[in-house]
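Me: Can you walk me through this one? I'm new to reading structures, so keep it plain.

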Amino acid sequence: MEAALAEELGEIAQLSTTMKVHNQVPGGVHCSGDLLDSYRINLHSRIASRVLMRMAVTGYQNENDIYDLVLAQPWEDWFTYDHTIRVDVTAVKSPLKSLEFTTLKIKDAICDRFRDQFDKRPSVNTKEPDMRIVGFLDARQFIIYLDTSGEALFKRGWREETGDAPLRENLAAGLLRVSGWKPGMPLFDPMCGSGTILCEAAQMVQGIPPGARRRFAFEAFNDFDPAPWNEMKNSIKANPLPASPTIFGSDISGDMVAMTRHNLKCAGIMFDVPLKQIEAQEVKAPTEQPGILLTNPPYGERIGVRGDSTLPEDELASSFYSALSTTLKQRFAGWTVFLFTADLGLPKLLRLKESRKTPFFNGALECRLFRFDMVAGFNRREAAKPKEV
């Protein structure tokens with residue numbers, strides 16, 4: 001999602017005179033600015049997982065080089081020995097043999113810095129730390145970061161209920177952006193599950209920033225001034241509520257429909273998002289105006305909930321997707337259909353040729369966002385007829 005994130009950060013930078021977006025790197029995007037810009041990104045970014053502040057960078061040969069760099073950082077400027085900490089390290093092509101040992105050396109350096117100055121040290125809390133420190137190693141360089149976010153940004157603070165395999169909120173937001181959907185365009189998720197895609201889209205329509213309902217690590221920094229942060233939050237202007245529905249959802253499970261309704265309410269949505277309990281093979285286009293159908297269809301074991309679980313999985317998948325394909329061709333002419341799945345053979349099951357496929361990772365699971373441009377067979381035949389003169 002790096003390209004989608006870079007595009008979003010460019011939009012957030014327009015709210016600031018100091019923020020600049022730099023290069024995309026695997027797994028992230030570099031940008032620069034003042035501390036208030038980190039507040040701004042945490043508040044407004046739907047796609048980022050974390051906003052990490054770079055403390056220092058060095059070349060390294062062994063763990064002692066890493067220890068020395070971390071020991072030299074003024075951690076006491078940012079937090080105290082009363083705060084709990086957690087250290088995470090990721091590496092790409094690093095020659096070091098043990099990431100666990102490297103993680104321990106970073107923790108020791110931070111604790112030794114506090115012990116040298118105050119004769120006290122912060123405690124480690126791996127579950128709910130006040131401060132997260134992140135190290136990144138490649139073949140030659142080590143970078144140390146302080147996390148300004150705290151809990152991962154996909155935890156918006158509204159989700160109380162989930163289904164079996166919920167999409168992360170920031171992944172849903174990335175799919176919406178890559179699909180080209182914008183508020184005002186019709187959007188339909190016929191297999192909505194607990195409603196993550198619908199909630200993200202509805203918050204965008206209403207103008208609710210993703211970080212409006214949660215707390216961040218930077219609020220616990222030393223010398224944190226709440227005044228500019230509160231001003232930033234108070235300056236948010238909600239969008240006018242839509243006069244008629246543009247976002248629609250359905251699911252075969254009544255429990256999932258009820259869960260989606262509950263999650264929309266928790267997400268602060270004040271307008272009508274029509275929801276139906278219906279099988280995906282039976283749905284009809286919810287608006288005359290064509291729009292975007294975006295969904296995360298079931299695969300593997302989850303497909304059993306869509307039909308007769310006594311049938312073998314392959315047979316069940318074939319009949320399900322065959323029926324869905326017919327529905328899409330007959331009832332969604334003019335719509336752009338996006339299916340997000342780990343089943344890379346999905347177009348074959350649908351007997352449709354995708355017009356685009358975008359690779360994504362859902363955690364460690366390699367996925368694709370397949371795009372299908374629906375043109376009804378009837379329309380194709382009409383277009384092929386000779387014109388009367």
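**Two domains and their contact**

Reply: The chain is split into domain 1 (1-147) and domain 2 (169-208 + 235-374). Those bounds come from an automatic or database domain assignment. This is a predicted model, where local features need pLDDT of at least 70, side-chain atom pairs count only at pLDDT 80 or more, and totals for chains, interfaces and linings use all residues. Residues are numbered from 1 along each chain as its sequence is written, and side-chain values use heavy atoms, with hydrogens and water left out.

Me: How many residues does each domain bring to the contact?

Reply: Domain 1 brings 11 residues and domain 2 brings 13. Contact means heavy atoms within 4.5 Å.

Me: And what area do they bury between them?

Reply: About 890 Å², with 54% of it on carbon and sulfur atoms. Buried area is the accessible area (1.4 Å probe) that two parts lose on being put together, summed over both.

Me: Which three residues of domain 1 supply the most of its share?

Reply: Met1, Arg46 and Ile47. They supply 66% of the area that domain 1 buries against domain 2.

Me: How many salt bridges between the domains?

Reply: The count is 3. A salt bridge is a side-chain nitrogen of Lys or Arg within 4 Å of a carboxyl oxygen of Asp or Glu. The side chains of Arg177 and Glu7 form a salt bridge, at 2.6 Å from N to O.

Me: Which helices help on the domain 1 side?

Reply: Helix H1 (2-13) and helix H2 (35-44) each supply at least two residues there. H1 gives the most, with 4 residues. Helices are DSSP runs (H or I, at least four residues), and strands are too (E, at least two), numbered from the N terminus.

Me: New topic. Which residues does the THUMP annotation cover?

Reply: The unreviewed UniProt entry puts "domain: THUMP" on residues 37-148. Such annotations may be inferred rather than shown by experiment. The span is 33% helix and 26% strand, and its end C-alpha atoms lie 11 Å apart.
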